[in-house]
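Got your viewer open? Let's take a walk through this model, one selection at a time.

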Amino acid sequence: MNNIVILPILLPLIVGVVLLLFAKNLKVQRVISGITMFALLGISLYLAHIVYYEGIKTLELGNWPAPFGIVLVADLLSSFMVLLTGIVGIVCLYFGFKTLSEARLKGYFLPFYLFLITGVNGAFLTGDLFNLFVFFEVMLISSYILIVHGGTKYQLRESLKYVIINIVASGLFIVGVAYIYAVTGTLNMADISVKVAELEQQGVLNVIAILFLLVFGMKGALFPLYFWLPKSYFGPPSAIAGLFGGLLTKVGIYCIIRVFTLIFYHDVAFTHHTVIMILAGATMFFGVLGAVSQFDFKRILSFHIISQVGYMIMGLAIFTPLALAGALYHIAHNIFVKSALFLYAGATQKVTGTTDLKKMGGLLKTHPFLGWTFFVAAMAMAGIPPLSGFFSKFALVLSGIQEEQYYIVFVGLFVGILTLFSMMKIFIYAFWGEQKLTDEEAKERKIGSVVVTILPLVALAVIMGLAAEPVFVYLLQVSEQILDPSNYINSVLKE
Amino acid sequence: MEILMILVIGVIFTVSTYLILTKSLLRVVIGVIMLGHGAHLLLLTLSGLKQGAPPLLGEEAAAYADPLPQALILTAIVISFGVTAFLLVLAYRTYKVHKTDDLDQLRGSADE
């Protein structure tokens, strides 16, 4: 029955290959990929359900016993992340159906979309460090293609930088794998954890820990490695930018959380409370400053990705069950809301033909449905109760005060104000003010059917806020499970 | 032998760092490729260069070498091969469209 663990990887992979056969027939591609994403959501819901009620599920590939073969591990954290991938994957796909031109969709767009999902799910589910590298590459290569898809002048220039920085990060990933294999003689993450515990994480192991932080931080856009993000996420169409902004950075964050709770948790005072704490504060602060200085819908959102990543890392840095639950809640909230906001940027771009805020105005009058649903998403982002952003920050700030980490609490609250400020800036410039479109233009450019595809994400943000208590009960169980690595180790190594 | 290999790897990493920091697009691409090579060699060297026994001789063999690093490197080489091919095409397209390979000019202005 444990075979279900591999389905979230296998299904998009196989369907992606099948779609290549229908390269010319867009209709068949749409139908197949649309159904597949719903099937994937069903599978990930079922996986999350059985992992919650029956405990951690492992699958030894080719029946090679761990730690010799590759294992797939679905614990609460990874099944939760797979579930989030399923949800945001569907919404971005259907938004893409509504907004992307036929020429773009015909250029093998959908197969690579599914390969990207394959890589992301694989990275969440694998229990082997080298296998994680391989799934990272599957994800990255698909993302290289999707980010440059369409090949405009701007996209080519910025994607090139995105590709180069990610290849450098992959090179360093191999270096990290080499070091850890030299020190521990194994690549199974549970086994590494056991060996590192025996060595008590001294000397070279701290170096390796920071090396992994660097590698995953480049993917997750931590300070000072975020410089590539705002420009490269500006280029691709919104359906892609939404998926990337919501999901891809979170894969890096997931890996940081996994590695620093399972393997490198012995020197918390140095790695978590010092290095990660400083990075969290700097990431939040400089990210939001970038957002405040911009006057472009998509660019503001891109900088916000960075500052929001800071909150997630802050939860890891404080390193208590409540803080980690807050960080995980923030990841879920951010995947929903950030993707939704990027899709709103795409919808507004469809109406106004620009993402420059100074050229917009008065959209609330002409497109009230777009305006008010955007307002809900923007307030969720800024953390206004009772929407989802409030509760993650509440948990993070509360645990920060409990642990007497006052500096990071102050930075977190201050960044919250600036987030609200830049969200209001978008709302005021784009939706209030003088109407820039003529009445005929506004009537012609109906956007309702596009906005409907975004609504599930906004609804989830509202539901997560209103049902914060059951969500936190679940997430506290997740964080207690990952804070005790013996759960993971015992179910993988079967000791 | 390991010491010699480590020195070689150090040289490769130095060269690749220098090339990645230059302005010419093609040199950056070559630098990235060399970084990959350095990383692969490091993976091979750090797990200990093997001598003597072949890797697999059944369960009763008295001595055998660890075959895992070779398997890992093979995978990594295949991946970097694919990525390099893609990167070369991308760099060429960028060069064709922008009509320059100078990264200073590929910087983009601040207000766009």
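Start by selecting B:Leu49, which sits in the loop between α2 (25–46) and α3 (68–98) of chain B. Before going on, keep in mind that this is a predicted model.

Is B:Leu49 buried, exposed or partly exposed? Show what surrounds this residue: 13 other C-beta atoms lie within 10 Å, so B:Leu49 counts as partly exposed. Buried would take 20 or more such atoms, and exposed would take 12 or fewer. Now look for its partners. Setting aside the neighbours within four places in sequence, B:Leu49 is in contact with B:Met1, B:Glu2 and B:Met5. Add B:Asp66 to your selection and draw a distance between the C-alpha atoms: B:Leu49 and B:Asp66 are 17 residues apart in sequence and 9.6 Å apart in space.

Next, zoom out to the whole of chain B. You'll find 3 helices and 0 strands, giving the pattern α-α-α as you read along the sequence. Turn the chain around and you'll see that its C-alpha trace spans about 70 × 25 × 20 Å along the principal axes. How does that fit with a ball-like shape? The radius of gyration of chain B is 20 Å, while a compact globule of 112 residues would have one near 13 Å. Of those 112 residues, 25% count as buried. Among the contacts in chain B with a separation of 6 or more, 55% are between residues 24 or more positions apart.

Now show both chains and look at where they touch. How many residues does each chain bring to the contact? Chain A gives 25 residues and chain B gives 27. On the chain A side, α6 (129–148) and α7 (153–184) each supply at least two residues. The largest share of that side comes from α7(A), with 17 residues. Colour the chain A side by residue type and you get 18 nonpolar, 3 polar and 4 charged.

Stay with α6(A) for a moment. Its end C-alpha atoms are 29 Å apart, which agrees with the 28 Å that its 20 residues should span at 1.5 Å a residue. This helix is mostly covered, with 20 of its 20 residues buried. Just beyond, select A:Gly150, which follows α6(A) and has a positive phi, near 110°.

Your next stop is helix α3 (residues 76–99) of chain A. From its first C-alpha to its last, this 24-residue helix reaches 35 Å, close to the 34 Å expected. Of those 24 residues, 20 are buried, so α3(A) is mostly covered.

What packs against α3(A)? Bring up helix α14 (residues 321–352) of chain A: the two axes are 10 Å apart, at an angle of about 5°. That makes the pair roughly parallel. On the α3(A) side, the residues that meet α14(A) include A:Leu84, A:Val88 and A:Cys92, and on the α14(A) side they include A:Ile335, A:Phe336 and A:Leu343. This contact divides into 9 nonpolar, 3 polar and 1 charged.

Last selection: helix α20 (residues 448–466) of chain A, whose axis comes within 9 Å of the α3(A) axis and crosses at roughly 175°. Here α3(A) runs roughly antiparallel to its partner α20(A). Look for A:Tyr94 and A:Lys98 among the α3(A) residues in this contact, and A:Val450 and A:Pro456 among those of α20(A). The residues here divide into 7 nonpolar, 3 polar and 1 charged.

How values were computed. Residues are numbered from 1 along each chain as its sequence is written. Chains are lettered from A and ligands numbered from 1 in the order in which they are written. This is a predicted model: local features need pLDDT of at least 70, side-chain atom pairs count only at pLDDT 80 or more; totals for chains, interfaces and linings use all residues. Helices (H or I, at least four residues) and strands (E, at least two) are DSSP runs, numbered from the N terminus. The expected span of a helix is 1.5 Å times one less than its number of residues. Two residues are in contact if their C-beta atoms, placed from the backbone, lie within 7 Å. Ala, Val, Leu, Ile, Met, Phe, Trp, Tyr, Cys and Pro count as nonpolar, Asp, Glu, Lys and Arg as charged, and the others, Gly among them, as polar. Axes are lines fitted to C-alpha atoms, for helices over the stretch in contact, and angles run from 0 to 180 degrees between N-to-C directions. Angles under 35 degrees count as roughly parallel, over 145 as roughly antiparallel, 65 to 115 as roughly perpendicular and the rest as oblique. The radius of gyration is taken over C-alpha atoms; the globule rule is 2.2 Å times the number of residues to the power 0.38.
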